[in-house]
Amino acid sequence: MQKPIKTPRTLDLLCALCALSVVFAFPAMAEDNPTKQAINTLLDDFHQAAADADEERYLGHFSADGVFMGTDDWERWPLPAFREYVSERFAGGTGWTYVPEDRYITLGPAGASAWFDEIMVSERWGRFRGTGVLVREGEEWKLAHYSLTALVPNERFADVAEVATEGFRARAAELPKENSDKENSDKEK
């Protein structure tokens, strides 16, 4: 029976270092992708424009048919409606600040589209996830869809679900009253 061949310890360490360098090199290589860098720059400026209450710069990141999805169930804002909301909100010089902590970008086929998800923090409101779709328009990237979601720790989800359910029930209970008030005022005319 042959004795197992022993490799020198330095060779073992060298192999381990090579393996680790390959593992850690891939994320760094992805960040060197100029398209992903351009998208990162766009998204960082998108958030900074909101913090600066710079309406033109902020909305300029959307495609003409872009949509913003807010945190409430009714908040599906096609760009014309969102433009009106942003204009009113930014008019006083106050925007909103979400600081990105983590972001993942995936490029679509032929480099004509991309999608991303990011974790952001608001000093006032806590942690959020932003997800979106970008389309290439000429040499520029534009947001076709952006969705903002409030994050909830799993261990606290039952508490939040209870509050949300109560809130939606209360809102639904108010709707018939508003509609019947409107019908009564219409009848009085």
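**Entry 1. Overall fold**

I began with the secondary structure and counted five helices and six strands in the protein. The model I examined is a predicted one. Reading from the N terminus, I noted the order of elements as α-α-α-β-β-α-β-β-β-β-α.

I then looked up burial and surface. Of the 189 residues in the protein, 25% are buried. The exposed area comes to about 13300 Å², and carbon and sulfur atoms supply 57% of it. For contacts with a separation of 6 or more, I recorded that 46% join residues 24 or more positions apart.

**Entry 2. Strand E6 and its partners**

I turned next to the pairing of strand E6. Which strands pair with E6, and in which sense? Strand E1, residues 62-69, pairs with E6 in the parallel sense over four bridges. E5 runs antiparallel to E6, and 10 bridges join the two.

I picked out one bridge from each pairing. Phenylalanine 62 has leucine 143 in E6 as its bridge partner. Glycine 132 stands opposite tyrosine 146 in E6.

I also inspected the turn that links E5 and E6. The two strands form a hairpin with two residues between them, and glycine 138 in the turn has a positive phi of about 65°.

**Entry 3. The E3-E4 hairpin**

I examined a further hairpin, formed by E3 and E4 with five residues between them. Strand E3 covers residues 99-107 and strand E4 residues 113-122, and they pair in the antiparallel sense over eight bridges. At one position, leucine 107 stands opposite alanine 114 in E4.

Alanine 110 drew my attention in the loop between E3 and E4. Its phi is near 65°, a positive value in a residue other than glycine. I noted this since most residues other than glycine have a negative phi. Is alanine 110 buried or exposed? Alanine 110 has a relative accessible area of 86%, and because the cut-off for exposed is over 50%, I entered it as exposed.

**Entry 4. Alanine 53**

I found another positive phi at alanine 53, where the value is near 55° and the residue is again not glycine. Alanine 53 lies in the loop between H2 and helix H3 (55-59). Is alanine 53 buried or exposed? Its relative accessibility is 14%, which is under 20%, so I entered alanine 53 as buried.

**Entry 5. Phenylalanine 90**

I followed the contacts of alanine 53 to phenylalanine 90, a residue of helix H4. Phenylalanine 90 has 4% relative accessibility and therefore counts as buried, the limit being under 20%.

What does phenylalanine 90 touch beyond its neighbours within four places in sequence? I listed Ala49, Ala50, Ala53, Asp54, Glu55, Tyr58, Gly95 and Trp96 as its contacts. For glutamate 55, which is 35 residues away along the chain, I noted a C-alpha separation of 6.5 Å from phenylalanine 90.

**Entry 6. The largest pocket**

I then searched for open space at the surface. The largest pocket has a volume of about 720 Å³. It is lined by 26 residues, and those nearest its centre are Thr71, Tyr98, Trp125, Phe128 and Leu148.

Which elements supply at least two residues each to this lining? I recorded helix H4 (79-90), strand E5 (126-137), strand E6 (140-150) and helix H5 (157-188). By class, the lining residues of the largest pocket divide into 16 nonpolar, five polar and five charged.

**Entry 7. The enclosed cavity**

Last, I checked for closed space. Rolling a probe the size of a water molecule over the atoms shows where empty space is left. How many cavities of 30 Å³ or more does the structure hold? I found one. The largest cavity contains about 50 Å³ of space.

I noted its lining as Phe46, His47, Tyr58, Phe68, Trp96, Tyr98, Met120, Tyr146 and Leu148. Helix H2 (34-51) and E6 are the elements that give two or more residues to it. The lining of the largest cavity has eight nonpolar residues and one polar residue, with no charged residues.

I cross-checked the two linings. Tyr98 and Leu148 are among the residues nearest the centre of the largest pocket, and both also line the largest cavity. Tyr146, another residue of the cavity lining, is the one that stands opposite glycine 132. Tyr58 and Trp96 also line the cavity, and both are in contact with phenylalanine 90.

Notes: Residues numbered from 1 in each chain as written. Predicted model: local features only at pLDDT ≥ 70, side-chain atom pairs only at ≥ 80, totals over all residues. Heavy atoms only, no water. Buried < 20%, exposed > 50% of the residue type's maximum accessible area, 1.4 Å probe, protein only. Contact = heavy atoms within 4.5 Å. Areas by Shrake-Rupley, 256 points an atom, 1.4 Å probe, with all protein chains shown as cover. 1 Å grid on protein atoms, 1.4 Å probe; cavity = no way out; pocket = protein on both sides within 12 Å on 5 of 7 lines; lining within 4 Å. Points joined across faces, edges and corners; volume = space filled by probe spheres on them. Nonpolar A, V, L, I, M, F, W, Y, C, P; charged D, E, K, R; others polar. Pairing = 2+ DSSP bridges.
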